[in-house]
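Biologist: Could you pick one part of this model and take me through it closely, residue by residue where that helps? Once I have my bearings there, I would be glad to hear about other parts too.

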Amino acid sequence: MKNLRCVSCGYEFPLSDTILKCPLCGSNVEVMYDYERLKEVSNEGLFEASRSNIWRYRALLPVFSEKCIVSLDEGWTPLFEAKNLPERLNVSSKLILKNETINPTGSFLDRGSSVLVSRCLELGVSAIACVTTGNMGASLSAYCAKACISCTNFIPKLVELGKLYQTVIYGGKIIWCEDVDDATAKALKACNKGVYPALPNNPIFLDGLKTTAIEICEQMNWNVPNFVVVPIGNGGHIGMIWKGFWEMMQLGFTDEIPKLVGVQTARCAPVMEITGGIMRRGREIRSVAVDIAIKKPLNLYLAVRAIRESKGTVIAVSDDEMIESVSILAKSEGIFAEPAAASTVAAIKALSDEGIIERGDEVVCVLTGAGLKDPFTARELVRRAREVCGVLGDVEEFMGFRRIGRTKMLILEILKEKESYGYAIWKELRRKGRRISMPTVYQHLLELEAMGLIERIPRVVEDSRAGRRNKVLYKVTKIGLEILESLLRGRAGNTKA
Ligand SMILES: [Zn+2]
């Protein structure tokens, strides 16, 4: 009934639960069903309309036993027309929002987690390992908590705080890693010792994500929109949205697949490098939307197939546009989404500017994750609001930037004077009476960078003894300066009092 098939070479083999890649060519594999047999089942028999979650499509999900289903009521999320957004963006197309922010842990990944953890229960798995930039770990940790399965998350250090808090609160274990490559290597090593590989390219996990597309078809009364806009991180969601639409066509529910538009960030757009698309340049903030700034997406093949087969495109939006879109979406439609999710709204503007979407087109925007997952952006938006209307100063003071202690302030002050290297900062701190070790200085620099208050400028320098060397120059960002000034103002105020 259910096989695995390679996305690139078509090699098909029996469903195996630990194979993540094609054994012949290394490409992504996906779950295939006996579509001819499923077609014989009546519509009523195929879909269980009494369930208001992804399990209404159980016949098309790779879990066999009803009693193993682990659900927190994920999916069957609202799909509705945006009333104010078209005017706000000056776009003449009909904009339709798919609100994934209301899923149990606040992101679309709950669709995959529910399927994967159910399958793990069926297999008698007691521990899983996950590689995550945030949302996937938060989601899997919640479902594992419900299933009494241990969940270890391998996380790169640049992670949005809300997602980290969620993961810890659901009881997920955390192993810090340098970057995604390091995290993947460490997770696979754990999996060699019998832990189940819950990586973003796991085909069982991926298959749950296709329910976004099936729901869109059903909610549009078995019609499809002209475009579906969705962020690309590891590429699994867009890849599986394509598969969901393809399956609906295979089963005779619909006649076509909409054009899929993937959204990446201008600072990291590996799918666009392959498929082409539209680049929107702007200010870069490294710590924003890390979930969709993945250099080597694990599901690259799936994402590229989705764009090419659907004759879609990729839009790389700037970080500033993304942050602005969080505000536009919240103020026009009452939905507070995280920057990676609001990137789809920024992409709509680009699609309209380029004449790709026109009057009469129906465009579905998939809002993949909730706003409070990224407190940094929330704080940045409150700051901007204060600048505009001048009444929110108290809110900001209340939030207090408590994580910025005396050492970090000194570093910001040093960098305000001039750009500097790590060693020079260490020396200057000593001169100012802060005698701390070099590793501690680098830890502070890393944290300041993660908060978006400073940025790195890579430099190649000539050294008379060592020859050409790569060094990193640090520079305070515009937000860093603003925060330093507001902290200094606050301090002056306190002294007066
Ligand atoms: Zn293959």
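Modeller: Happy to! Let's start at a single pairing: Ile-278 has Ile-315, in β13, as its bridge partner. Please keep in mind throughout that this is a predicted model. Ile-278 belongs to strand β12 (residues 278-279), and two bridges join β12 to β13, with the two strands running parallel. On the β11 side, strand β11 (residues 259-265) also runs parallel to β13 and is joined to it by five bridges. One point to find on screen is Val-261, which stands opposite Thr-313 in β13.

Now look at β13 itself, residues 313-317. Five of its five residues are buried, so the strand is mostly covered. In a regular strand, side chains alternate between the two faces of the sheet. In β13, Thr-313, Ile-315 and Val-317 point one way, while Val-314 and Ala-316 point the other way. The residues of both groups are buried, and a residue needs 20 or more other C-beta atoms within 10 Å of its own to earn that word.

Stepping back, β13 is part of an open sheet of seven strands, ordered β4-β5-β14-β10-β11-β13-β12, with mixed pairing. The edges are β4 and β12; each has a single partner strand, so one side of each has no neighbour in the sheet. Elsewhere in this sheet, strand β5 (residues 94-99) and strand β14 (residues 362-367) run parallel and share six bridges. There, Lys-94 has Glu-362 of β14 as its bridge partner. Helix α14 (residues 339-353) packs on this sheet and touches β5, β10 (227-231), β11, β12, β13 and β14. The direction of α14 makes about 135° with that of β10.

Next, some helix packing. Two packed helices are described by the angle between their axes and the distance between the axes. Helix α10 (residues 236-250) and helix α12 (residues 300-309) have axes that come within 7 Å and cross at roughly 50°. That angle makes α10 oblique to α12, and the crossing is left-handed. From α10, Gly-236, Ile-238, Gly-239, Ile-241 and Trp-242 meet Leu-302, Ala-303, Arg-305, Ala-306 and Glu-309 of α12. By class, this contact holds six nonpolar, two polar and two charged residues.

Set beside that pair helix α5 (residues 135-147) and helix α6 (residues 161-169), which pack at about 20° with their axes 8 Å apart. This makes α5 roughly parallel to α6, because angles under 35 degrees count that way. Their crossing is left-handed. Asn-135, Gly-137, Ala-138 and Ser-141 of α5 meet Lys-163, Gln-166 and Thr-167 of α6. The residues of this contact comprise one nonpolar, five polar and one charged.

Just past α5, the loop leading to β7 (150-156) holds Cys-148. Most residues other than glycine have a negative phi, yet the phi of Cys-148 is near 55°, a positive value. Cys-148 counts as exposed because it has 9 C-beta neighbours inside 10 Å. Asp-73, also not a glycine, has a positive phi of about 65°. Asp-73 sits in the loop between α2 (43-46) and β4 (79-81), and with 14 C-beta neighbours inside 10 Å it counts as partly exposed.

One more loop residue to find is Gly-26, between β2 (12-14) and β3 (29-32). Gly-26 counts as exposed because it has 12 C-beta neighbours inside 10 Å. The C-alpha atoms of Gly-26 and Asn-201 are separated by 12 Å, with their positions 175 residues apart along the chain.

To finish, there is an open, antiparallel sheet of three strands in the order β15-β17-β16. Its edge strands are β15 (420-421) and β16 (454-463), each pairing on one side only. Strand β17 (residues 467-476) runs antiparallel to β15, and two bridges join them; here Ser-420 stands opposite Tyr-474 in β17. Helix α19 (residues 438-450) lies across β16 and β17, running at about 130° to β16.

Terms used
Residues numbered from 1 in each chain as written. Predicted model: local features only at pLDDT ≥ 70, side-chain atom pairs only at ≥ 80, totals over all residues. Helix = DSSP H or I, 4+ residues; strand = E, 2+ residues; numbered from the N terminus. Pairing = 2+ DSSP bridges. Contact = placed C-beta atoms within 7 Å. Axes fitted to C-alpha atoms, helices over the stretch in contact; angles between N-to-C directions. Parallel < 35°, antiparallel > 145°, perpendicular 65-115°, else oblique. Left-handed = near helix turned anticlockwise from the far one by under 90°. Nonpolar A, V, L, I, M, F, W, Y, C, P; charged D, E, K, R; others polar.
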